Amino acid sequence: MSDKEVILTPDGLKRLEEELETLKSVKRREVAERIKVAIGYGDISENSEYEDAKNEQAFIEGRIITLEKMLRNARIINSDEIATDVVSVGVTVTVEDMEYGDTMEYTIVGTAESDPLNNKISNESPVGRAIIGKKVGTVVDVSVPAGVIQYKILDIKMK
């Protein structure tokens, strides 16, 4: 991950800080204990418990480094900075699929907070890029692998 600016909402910042703290204070200790127990089993060259614990340790350390870098490069979007006259990071947008008439509601977040299963989409996703900066009533074309989808922006509000 480069030193790219990471856009976060206050909730996103809190979640990343909590994850980092858990990794440092709880997970590190747990995996160290697993390694210690696995070493007690004897020959570590053929010890799957030891290998598994070392792999988990590497993952945890990598995630800690990633989170620390993200937090160092974070720009927090506060609610007083968010305008609801155009789509921006931090707002919730209601859009209508012009072909099928379905309506969807998305919260626009930075990539670090993206969670499509919970309708939190990144400002850098195809839909996010297409609607950022647009106003209510605007119809946008979103390029997706299946073709082009047209969405009409119905509402913009604070989440």
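Let's start at Arg28, which counts as partly exposed at 33% relative accessibility. The model you are looking at is a predicted one, and this arginine is a handy place to enter it. Arg28 forms a salt bridge with Glu61, and their closest N and O atoms lie 2.9 Å apart. The two residues belong to distant parts of the chain: Arg28 sits in helix H1 and Glu61 in helix H2, with their positions 33 residues apart in sequence. Glu61 is partly exposed as well, because its relative accessible area of 28% falls between the 20% limit for buried and the 50% limit for exposed.

Now follow helix H2 to Arg63. Its side chain meets that of Glu19 in a salt bridge, at 2.7 Å from N to O. Here, too, distant parts of the chain are linked: Arg63 is in helix H2, which covers residues 48–72, while Glu19 is in helix H1, residues 10–40, and the two are 44 residues apart. How accessible are these partners? Arg63 has a relative accessible area of 25%, which makes it partly exposed. Glu19 is partly exposed too, at 29%.

From the helices, let's move on to the strands. Lys157 and Glu105 form a salt bridge in which the closest N and O atoms are 3.1 Å apart. Lys157 lies in strand S7 (residues 147–158) and Glu105 in strand S4 (residues 103–109), so this pair ties together parts of the chain that are 52 residues apart in sequence. Lys157 is partly exposed, with a relative accessible area of 35%, and Glu105 is also partly exposed, at 38% relative accessibility.

Not every salt bridge is an isolated pair. Arg34, Asp52 and Glu56 are joined into one network by salt bridges that share partners. A search of the whole structure finds 11 salt bridges, so if you would like to look further, the ones described here are examples from that set.

Strand S7 deserves one more visit, this time for its backbone pairing. What is the sense of the pairing between S6 and S7? Strand S6, made up of residues 139–144, pairs with S7 in the antiparallel sense, over 6 bridges. To find one of these contacts in the viewer, select Ser143, whose bridge partner in S7 is Val148. A hairpin of 2 residues joins S6 to S7. Strand S7 thus appears twice on this walk: in the pairing with S6, and in the salt bridge that Lys157 makes with Glu105 of strand S4.

Technical notes: Residues are numbered from 1 along each chain as its sequence is written. This is a predicted model: local features need pLDDT of at least 70, side-chain atom pairs count only at pLDDT 80 or more; totals for chains, interfaces and linings use all residues. Side-chain values use heavy atoms; hydrogens and water are left out. A salt bridge is a side-chain nitrogen of Lys or Arg within 4 Å of a carboxyl oxygen of Asp or Glu. Helices (H or I, at least four residues) and strands (E, at least two) are DSSP runs, numbered from the N terminus. Buried means under 20% relative accessible area, exposed over 50%, partly exposed in between (1.4 Å probe, protein chains only). Two strands pair if DSSP finds at least two bridges between them.
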